[in-house]
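Here are my notes on this model, for your review. Please read them beside the coordinates, with the sheet first and the ligand site after.

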Amino acid sequence: MRVLFIHADYIEYEAKSKAMKDAEEIIEKKERYEECLVPFISVEEGDSSILDRAVVEIEDVAKKVGAERIVLYPYAHLSNKLASPGEAMKVLKELEKMLSEKYEVHRAPFGWYKSFVISCKGHPLSELSKEIRGEAKEEE
Ligand SMILES: Nc1ncnc2c1ncn2[C@@H]1O[C@H](CO)[C@@H](NC(=O)[C@@H](N)CO)[C@H]1O
């Protein structure tokens, strides 16, 4: 999983058009969230097996920047080993559920081309990127 984290004063996005036939059905095309951590996430092949690790990493960044609101943003531009849309959707929905235990979590629409405006706070930890992998296997 490749993630670009932006700690933002706000993010505002609008779903413009479907990028795939089975794009997620959405109610609201336009959303704005204040004071949030926005992980732009490229889900990679096999990421369904590293969900616990991803939750730890995302919560670690949220704690470090003092964010209480997380806006998960599906972003298919950070990796050349992308998971299929089906797996990616599943992983993002599971991430949303797991993170919701401790945070207010929102998720931008999956499978859509979206316009967005984000206001990055600009403090030293307001822009971070992580490659989230499984735990290294113990040598036998
Ligand atoms: N492996 C993957 N990880 C994260 N998101 C993924 C994905 N596979 C498909 N998507 C979603 O479908 C849109 C078209 O690729 C993607 N749309 C976007 O990435 C927008 N920024 C428009 O380009 C995204 O919503």
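1. Strand 1 (residues 2-18) and strand 2 run antiparallel, joined by 12 bridges. Across this pairing, Tyr 10 faces Glu 34 of strand 2. Strands here are DSSP E runs of at least two residues, numbered from the N terminus. Two of them count as paired if DSSP finds at least two bridges between them.

2. The model is predicted: local features need pLDDT of at least 70, side-chain atom pairs count only at pLDDT 80 or more, and totals for chains, interfaces and linings use all residues. Residues are numbered from 1 along each chain as its sequence is written, and side-chain values use heavy atoms, with hydrogens and water left out.

3. Strand 1 also pairs with strand 5, antiparallel, over 9 bridges. Ala 15 stands opposite Lys 114 there. Strand 6 (residues 127-131) is another antiparallel partner of strand 1, with 5 bridges. In that pairing Phe 5 has Leu 128 as its bridge partner.

4. Strand 2 pairs with strand 3 (residues 69-74) in the parallel sense, over 3 bridges. Ile 41 stands opposite Pro 74 of strand 3.

5. Now the ligand. Its shell holds 16 residues, counted when a heavy atom lies within 4 Å of the ligand. The closest are Val 43, Ala 76, His 77, Ala 83 and Gly 111. Strand 2 (30-42) and strand 5 (112-120) each supply at least two shell residues.

6. What is the make-up of the shell by class? There are 13 nonpolar and 3 polar residues, and no charged ones. Nonpolar means Ala, Val, Leu, Ile, Met, Phe, Trp, Tyr, Cys or Pro; charged means Asp, Glu, Lys or Arg; the others, Gly among them, are polar.

7. Check three distances to ligand oxygen atoms. A polar side-chain atom of His 77 lies 2.8 Å from one. For Ala 76, a backbone N or O atom lies at 2.9 Å from a ligand oxygen. For Gly 111, a backbone N or O atom lies at 3.0 Å from a ligand oxygen. The protein covers 88% of the 520 Å² of accessible area that the ligand has on its own (Shrake-Rupley method, 1.4 Å probe).

Conventions
Polar contact = N/O pair within 3.5 Å; in protein donor to acceptor, adjacent residues only side chain to side chain. Helix = DSSP H or I, 4+ residues; strand = E, 2+ residues; numbered from the N terminus.
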